[in-house]
Amino acid sequence: MTLHGSLSHDRYCAELLSETAKFRALLHDTDLSATVPTCPDWTLADLARHVGGAHRWAGTIVATRAAKNVDEADVPEGDGPEGNEAKALDAWLAAGAELLVSALREAGPDTEVWSWSPVQKAGFWARRMTHETVIHRADAARTTGAAFDVPPEVAADCLEEWLQLCALPLVTAHHAERGAQLFGPGRTLHLHATDTPPELNAEWLLDLTGERLTHRRTHEKAAVALRGPLTDLLAVIYRRLPADSDRVEVLGDRALLDQWLRWASFQ
């Protein structure tokens, strides 16, 4: 299976810088020891180190044209600065994003590099790191009480990528035991963004009637439907917003939706 993005390589690079800047802004004048509700084992400082470390790890893979996984211990400055001084963490985050984007732009989308997916190209990392940063910005926003909004075309691609990743055989195999009761006849979900233009086609039909997930962009009846603004749909699918939030509407088999969310919570 391939993982196709809907944005250009240049757009992913630009969004990576933009999302990192928005993430950094949420950490300004904030208690970095605050616990992140959606990642309860982490503080905001831990979250910042995770995001910055991921950027530098991916950047090292792309810059070195790695043919196999790079050990995190071999990533230059991958752990970040000593201590949790806000200015040092902010500078480290900014520099790491710049290094990653510089490597991605130099490589272009089709340069062969290692990834954990079937797509062994630099373009995979441009897309993956963009959306990694989007979702962890949601974590930071939830922690600080800030609004979380994403450009519609970015949010739609982020959700589409998540479904593509969930459909990978390696993911299905990893969650085989938990998925034993998930797949079967009549088990379908419909995701419907209520605030996007028709040309974005921000509707998805998730088909669990076979042995693994398949999906398509369509308006189609299903056993359960999740409706709401696109950014909120994305947050629910990534379990950054509860499905019983008054910002979304669930119609039909709520138990199936809950079961799917538990199965797909591998990030």
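User: Is Arg216 buried or partly exposed?
Analyst: Keep in mind that we're looking at a predicted model. Buried would need under 20% relative accessible area, and exposed would need over 50%. Arg216 has a relative accessible area of 35%. That makes Arg216 partly exposed.

User: Which residue does Arg216 meet in a salt bridge?
Analyst: Side chains of opposite charge can pair when their charged atoms come close. Here the N to O distance is 3.0 Å, and the partner is partly exposed too, with a relative accessible area of 31%. The residue that Arg216 meets is Glu220.

User: How many salt bridges are there by this rule?
Analyst: The rule looks for a side-chain nitrogen of Lys or Arg within 4 Å of a carboxyl oxygen of Asp or Glu. Going through the model that way, the count comes to 14.

User: Which residue forms a salt bridge with Asp157?
Analyst: The closest N and O atoms of this pair are 3.1 Å apart. Asp157 lies in helix 5 (residues 152-166) and its partner in helix 4 (residues 122-144), so the pair ties together parts that are 30 residues apart in sequence. Asp157 is buried at 1% relative accessibility, and the partner is buried at 4%. That partner is Arg127.

User: Which residues are linked with Arg11 in a network of salt bridges?
Analyst: This one is a network of salt bridges rather than a lone pair. Arg11 is linked there with Glu15 and Glu153.

User: How far apart are the closest N and O atoms of Arg247 and Asp232?
Analyst: Arg247 is in the loop between helix 7 (230-237) and strand 7 (249-252), while Asp232 is in helix 7 itself, so their salt bridge ties together parts that are 15 residues apart in sequence. Arg247 is partly exposed at 44%, but Asp232 is buried at 8%. The closest N and O atoms of the two are 2.6 Å apart.

User: How many residues of helix 7 are buried?
Analyst: Let's list them: Leu230, Thr231, Asp232, Leu233, Leu234, Ala235, Val236 and Ile237. They pack against helix 4, helix 5, strand 3, strand 4, strand 6 and helix 8 (254-263). Helix 7 is largely enclosed by the rest of the structure, because the buried share is eight of the eight.

User: At about what angle does helix 7 run to strand 6?
Analyst: Helix 7 lies across strand 3 (188-193), strand 4 (203-207) and strand 6. Its angle to strand 6 is about 130°.

User: Which residue just after helix 7 takes a positive phi?
Analyst: Step just past the end of helix 7 and check the backbone there. The phi value is about 60°, and the residue is Arg239.

User: Which are the edge strands of the open sheet of five strands?
Analyst: The strand order is 5-4-3-6-7, and the pairing is mixed. An edge strand pairs on one side only. That description fits strand 5 (214-216) and strand 7.

User: Which residue in strand 7 does Val224 stand opposite?
Analyst: Strand 6 (residues 224-228) and strand 7 pair in the antiparallel sense, over four bridges. Opposite Val224 you'll find Gly252.

User: Is helix 2 roughly parallel or roughly antiparallel to helix 3?
Analyst: Two packed helices are described by the angle between their axes and the distance between the axes. The axes of helix 2 (residues 44-63) and helix 3 (residues 86-107) come within 8 Å and cross at roughly 25°. Angles under 35 degrees count as roughly parallel. So helix 2 is roughly parallel to helix 3.

User: Is the crossing of helix 2 and helix 3 left-handed or right-handed?
Analyst: Look at where the two helices touch: the contact includes Ala48, Gly52 and His55 of helix 2, and Leu89, Trp92 and Gly96 of helix 3. The crossing of this pair is left-handed.

User: Is Glu77 buried or exposed?
Analyst: Glu77 is in the loop between helix 2 and helix 3. Phi of Glu77 is near 55°, a positive value in a residue other than glycine. The relative accessibility of Glu77 is 58%, and the mark to beat is over 50%. So Glu77 counts as exposed.

User: Where is the place of Asn201?
Analyst: Asn201 isn't a glycine, yet it has a positive phi of about 55°. At 34% relative accessibility, Asn201 counts as partly exposed. Its place is in the loop between strand 3 and strand 4.

Key. Residues are numbered from 1 along each chain as its sequence is written. This is a predicted model: local features need pLDDT of at least 70, side-chain atom pairs count only at pLDDT 80 or more; totals for chains, interfaces and linings use all residues. Side-chain values use heavy atoms; hydrogens and water are left out. Buried means under 20% relative accessible area, exposed over 50%, partly exposed in between (1.4 Å probe, protein chains only). Two strands pair if DSSP finds at least two bridges between them. Contact means heavy atoms within 4.5 Å. Axes are lines fitted to C-alpha atoms, for helices over the stretch in contact, and angles run from 0 to 180 degrees between N-to-C directions. Angles under 35 degrees count as roughly parallel, over 145 as roughly antiparallel, 65 to 115 as roughly perpendicular and the rest as oblique. A crossing is left-handed if the near helix is turned anticlockwise from the far one by less than a right angle, and right-handed if clockwise.
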